[in-house]
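Visitor: I'm new to reading protein models, and I'd love a close look at a single part. Could you pick one helix, show me which way its residues face, and then follow its neighbours outwards?

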Amino acid sequence: MNAKETEDIFRNSFGIYIHIPFCKQKCYYCDFVSFAKKEEMIEQYINALKKEIKYKLNGKDKIDTIYIGGGTPSVINSKYIVEVLEEIYSIVGFDKTREVTIEVNPGTVDKEKIEDYKRAKINRISLGLQTTNDTILKSIGRIHTYKQFEEAYKLIQQVGFTNINVDLMLALPNQTLEDLDRSLKQVMNLKPTHISVYSLILEEGTKLEDLINKKVLDLPSDDIERKMYWKTKEVLENNGYIHYEISNFAKESYESKHNSNCWNQQEYYGFGVAAHSYINNVRYSNIEDLSQYIKNIENEEYNKIKQVNEIQTKISKAKEYMILKLRTIAGVEIKEYKAKFQENPLYTYRKEIEKLTESELLEIDGDNIKLTAKGIDFANLVWEEFV
Ligand SMILES: C[S@@+](CC[C@H](N)C(=O)[O-])C[C@H]1O[C@@H](n2cnc3c(N)ncnc32)[C@H](O)[C@@H]1O
Ligand code: SF4
């Protein structure tokens with residue numbers, strides 16, 4: 001099959017996101033919908049999840065990607081992950097699925113779990129590391145050391161996984177440029193196919209916010225944070241990684257298919273508490289209350305688990321497309337935009353594009369409208385113009 005034929009097959013296909021909201025311990029910086037010490041709810045949750053999948057997926061076909069995220073999907077017994085995936089495959093088959101990812105916390109896996117993932121046709125593992133500095137790991141509430149991460153990484157390779165992502169964080173408390181340099185060198189030695197790099201967002205109401213306010217921990221300045229970002233970009237690009245999205249780097253052809261589809265406005269179904277979906281130009285999200293989610297599904301009150309966030313018009317969809325594509329380093333391809341919306345973005349957004357190019361945040365490079373280096377630093381200002 002050539003690339004064009006593959007593209008045609010997947011044009012009308014969709015993605016699946018599955019949310020596993022359990023963690024061994026809550027990291028101090030994290031405000032994802034995830035709970036520690038709720039082990040007694042895991043079995044009920046998985047049963048509800050399978051019921052939601054069966055209800056919503058019946059009659060559907062052509063799944064391109066599956067992403068199991070969290071929370072920490074690897075904290076629960078792997079038999080549940082196998083059950084959930086088997087439920088999906090029994091409804092829609094597997095033949096057309098290109099990528100199945102699971103997020104793993106290094107402090108929660110063993111060989112048996114990883115072997116189960118392989119048997120369940122998972123072909124991409126995303127490992128949360130953040131930094132290789134054990135003192136910092138401990139200070140942000142991570143449950144593992146760097147050595148444990150390395151052991152998990154090697155185990156995953158031994159079981160036969162070749163597509164591995166590592167999550168790193170920048171501007172962590174007391175993190176220095178030298179720490180970052182060491183983390184990058186150690187990760188480079190492992191040669192993962194993909195690296196996600198997130199600058200710390202100090203979320204309201206987190207334990208980390210409290211520790212910073214009380215001056216127990218200290219954050220690097222904005223200036224250091226930017227230096228870290230550009231240092232990371234330089235090191236990763238020198239090691240053969242392609243910077244393809246503001247926070248993502250990949251070896252050639254290892255870009256995350258699931259996320260790339262989301263940035264392309266492809267449809268996806270989200271299952272589980274707090275999961276988001278995008279179907280037929282409507283963005284939905286499931287409720288965040290775990291007990292209520294389980295109860296409503298047990299009572300087959302499916303309309304009570306989701307809320308509509310946005311019904312898109314042609315204009316709002318086109319603006320969202322601009323924002324999503326301006327997250328990518330290649331930016332908006334004018335030809336592609338024209339094919340999708342039957343208009344030229346250079347005319348539709350003339351005012352915005354003029355303003356952003358004059359302030360050197362955007363540039364037009366051949367057929368692409370994209371962020372400049374300055375635009376990468378001030379990407380929020382660019383996206384704001386299209387809200
Ligand atoms: C769901 S977690 C990954 C899997 C697993 N739960 C773990 O932490 O190892 C997704 C990633 O989001 C990033 N993240 C979470 N909270 C963040 C924050 N407040 N600021 C920046 N990045 C954050 C971390 O890099 C984390 O690995
Ligand atoms: S970063 Fe990962 S392990 Fe830590 S609390 Fe958030 S979801 Fe859980």
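Guide: Let's start at helix α9 and work outwards from there. Keep in mind that this is a predicted model.

You can find helix α9 at residues 222-238. This helix has 17 residues and reaches 24 Å from its first C-alpha to its last, close to the 24 Å expected at 1.5 Å a residue. Now look at which residues are tucked away: Met228, Thr232 and Leu236 are the buried ones in α9. If you turn the model to look down the axis of α9, these buried residues fall within an arc of 50°, so they line one face of the helix. There is a simple reason for such spacing: an α-helix has 3.6 residues a turn, so residues three or four places apart point the same way. Turn to the other side of α9, and you meet exposed residues: Asp223, Trp230, Glu234, Glu237 and Asn238. After the helix comes Gly240, with a positive phi near 90°.

What do the buried residues of α9 pack against? Their partners are β7 (164-170), α7 (177-190), β8 (194-199), β9 and β10 (248-250). Let's follow three of these in turn: the neighbouring helix, then β9, then β7.

First, the helix. α7 has 14 residues, and its first and last C-alpha atoms are 20 Å apart, close to the 20 Å expected at 1.5 Å a residue. In α7 the buried residues are Leu180, Ser183, Leu184 and Val187. Seen down the axis of α7, they fall within an arc of 100°, so they too line one face of their helix. Exposed residues sit on the other side of α7, namely Glu178, Lys185 and Asn189. The buried residues of α7 pack against β7, β8 and α9. So the packing can be read from either helix: α7 is among the partners of the buried residues of α9, and α9 is among the partners of the buried residues of α7. After α7 comes Lys191, whose phi is positive and near 55°.

Next, strand β9, which takes us to a meeting of two domains. The chain is divided into domain 1, covering 3-263, and domain 2, covering 314-384. Their C-alpha centres lie 28 Å apart. Where they touch, six residues of domain 1 are in contact with eight residues of domain 2. Strand β9, at residues 242-245, gives three residues to the side of domain 1 that touches domain 2, and that is the largest share. By class, this side of domain 1 has three nonpolar, one polar and two charged residues. So β9 plays two parts in our picture: it is one of the elements that the buried residues of α9 pack against, and it supplies residues to the side of domain 1 that touches domain 2.

Finally, strand β7, which leads us to ligand 1. The strands β4 (63-70), β6 (124-130) and β7 each supply at least two residues of the shell around this ligand. In total, 16 residues surround ligand 1, and the closest are Glu103, Asn105, Gly128, Asp167 and Tyr198. The shell divides into seven nonpolar, six polar and three charged residues.

From there we can step across to ligand 2. Asn105 and Gly128 appear again among the residues around ligand 2, along with others including Cys23, Cys27, Cys30 and Thr72. By class, the shell around ligand 2 has four nonpolar, six polar and one charged residues.

Gly70 and Gly71 also belong to the shell around ligand 2, and they are worth a closer look. A cis peptide bond joins them, with omega about 20°. Gly71 lies in the loop between β4 and α3 (78-92), and β4 is one of the strands that supply residues to the shell around ligand 1.

So our path began at the buried face of α9, passed through its packing partners α7, β9 and β7, and ended at the residues around ligand 2.

Terms used
Residues numbered from 1 in each chain as written. Chains lettered and ligands numbered in written order. Predicted model: local features only at pLDDT ≥ 70, side-chain atom pairs only at ≥ 80, totals over all residues. Domains from an automatic or database assignment. Contact = placed C-beta atoms within 7 Å. Helix = DSSP H or I, 4+ residues; strand = E, 2+ residues; numbered from the N terminus. Nonpolar A, V, L, I, M, F, W, Y, C, P; charged D, E, K, R; others polar. Near = placed C-beta within 6 Å. Expected span 1.5 Å × (residues − 1). Buried ≥ 20, exposed ≤ 12 C-beta atoms within 10 Å, placed from the backbone. Arc of directions from axis to C-beta.
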